[in-house]
Amino acid sequence: MAQPAGTVSSYDMSSNREDLSDLIAMISPTDTPFISACGKTKATNTKHEWQKDALEAAAANANIEGDDDTPVADTQTTRVDNYTQILKKHAVVTGTQQDGMNHAGIKNMMARKISKRMKEIKLDLELACIGPHNAKVAGNDTTARELGSLQTYITTNSDRGVGASEPTGDGSDVPGAGTNRDFTETLLTTVLQSCYDEGANPKLMMLSATNKNLVDGFDAGGTHYVDKDDKELINAVDVYVGGLGHTLKAVPSRHIFSEDVLLIDPEYVKLADMRPIHSYDLAKTGDSHRKSIVWETTLEVCNEAAHAIIGDTNG
């Protein structure tokens, strides 16, 4: 069939209003499981310090009645430090766009920009803490300060590939790479044995998606959940229960250094904020609105022996 002569259709008109949805789709991941699990504390100097301690090893302890005690030297606390890192983003919107235009799906363009930048800074901090190994940097007038990543502190409960070297453990250097190998349940149970011997009780197992898929195939210790509504078996190990009493929540991370599997006790790792994340106006130099978003913080690894690392995996 054909249109009757003189019919006006949508193809003929230039006056039809656009159909632009007020919904703005964004699927970029914003989850930051590590820094979300960290405790909070306050930094009052760019060099943030804390102390760690340990009990003496158990030993034979039998004494005669009326013994004349002779004091012995006690173990002293050890000071550890990290440097605050300044994370910064900017949001700039022209006066026309902010004050004059009718925005689809956006009530306030600057507010939206600030919200996005804050999420981006959180992702940057997650990467700084557990991403590629990074030694702390004191900084100077021409060099930015950098925080030492978690992996530069863990030495006690550590399992690395052949040829690997341990870091000093004070954040000043990174571990030396070893031969990569698959992440196995044997590696996990070995490092959990070390945790048990040291009194550590990690609760999070943070790892790459590849290594998480391997955990899903572990034979022992895995808890698989059944959805009570759909009655479907979820083929994933969400909680790993070790033979020595450790219960680990398996948490995949997009930002962890893929070769590492980190076992973390959130009670013994904190973010030490010198300046919590905030925004402020920049000087107006033209016909635009300008803001800076800043977070100055560092990572406090309260006691590295509370955590563990399995390095040099094929993750």
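# Exercises on a predicted model

T94 is found in strand β4, which covers residues 85-94. The model used throughout is predicted.

**Exercise 1. Determine whether T94 is buried, partly exposed or exposed, and list what T94 touches beyond its sequence neighbours.**

Step 1. The relative accessible area of T94 is 43%. Buried means under 20% and exposed means over 50%, so T94 is partly exposed.

Step 2. Leave out residues up to four places away in sequence; T94 then touches D287, S288 and H289.

Step 3. Take S288 from that list. T94 and S288 are 194 residues apart along the chain, yet their C-alpha atoms are separated by 3.9 Å.

**Exercise 2. Compare the end-to-end reach of helices α3 and α4 with the expected values, then list their buried residues.**

Step 1. Helix α3 spans residues 109-130, which is 22 residues. From first C-alpha to last, α3 reaches 32 Å, close to the 32 Å expected at 1.5 Å a residue.

Step 2. Helix α4 spans residues 185-198, which is 14 residues. The reach of α4 is 20 Å from first C-alpha to last, close to the expected 20 Å.

Step 3. In α3 the buried residues are M109, M110, I114, R117, I121, L123, L125, E126, A128, C129 and I130. The list includes R117 and E126, whose residue types count as charged.

Step 4. In α4 the buried residues are E185, L187, L188, V191, L192, S194 and C195.

Step 5. Now find the cover over α4. Its buried residues are covered by elements including β5 (158-159), β6 (204-207), β10 (239-241), β11 (247-252), β12 (261-264) and β15 (308-310).

Step 6. Check the residue that comes just after α4: G199 takes a positive phi of about 85°.

**Exercise 3. Place N157 in the fold and trace its contacts.**

Step 1. N157 lies in the loop between α3 and β5.

Step 2. Its relative accessibility is 0%, so N157 counts as buried.

Step 3. Setting aside neighbours within four places in sequence, N157 is in contact with V191, S194, C195, E198, A200, A305, H307, A308 and I309. Among them, V191, S194 and C195 are buried residues of α4.

Step 4. For C195, the C-alpha atom is separated from that of N157 by 6.1 Å, across 38 residues of chain.

**Exercise 4. Describe D312 by location, backbone and burial.**

Step 1. D312 is found in the segment after β15.

Step 2. Although D312 is not a glycine, its phi is positive, about 60°.

Step 3. With a relative accessible area of 7%, D312 falls under the 20% cut-off and is therefore buried.

**Exercise 5. Characterise the largest pocket by volume and lining.**

Step 1. The space in the largest pocket is about 410 Å³.

Step 2. Its lining has 19 residues, and those nearest the centre are D53, A54, E198, N303 and A305. Two of these names, E198 and A305, also appear among the contacts of N157.

Step 3. Sorted by class, the lining has six nonpolar, seven polar and six charged residues.

**Exercise 6. Summarise the whole protein.**

Step 1. The protein has five helices and 15 strands.

Step 2. Of its 315 residues, 39% count as buried.

Step 3. Consider contacts with a separation of 6 or more: residues 24 or more positions apart account for 71% of them. The pair T94 and S288, 194 residues apart, is one example of such a long separation.

Step 4. The exposed area is about 18500 Å², of which carbon and sulfur atoms supply 50%.

Definitions and conventions. Residues are numbered from 1 along each chain as its sequence is written. This is a predicted model: local features need pLDDT of at least 70, side-chain atom pairs count only at pLDDT 80 or more; totals for chains, interfaces and linings use all residues. Side-chain values use heavy atoms; hydrogens and water are left out. On a 1 Å grid over the protein atoms alone, a cavity is a set of points where a 1.4 Å probe fits but cannot get out, and a pocket is an open set with protein on both sides within 12 Å along at least five of seven lines; lining residues have an atom within 4 Å of a point. Grid points are joined across faces, edges and corners, and a volume is the space filled by probe spheres set on the points. Helices (H or I, at least four residues) and strands (E, at least two) are DSSP runs, numbered from the N terminus. The expected span of a helix is 1.5 Å times one less than its number of residues. Buried means under 20% relative accessible area, exposed over 50%, partly exposed in between (1.4 Å probe, protein chains only). Contact means heavy atoms within 4.5 Å. Accessible areas come from the Shrake-Rupley method with a 1.4 Å probe; for residues, only the protein chains shown count as cover.
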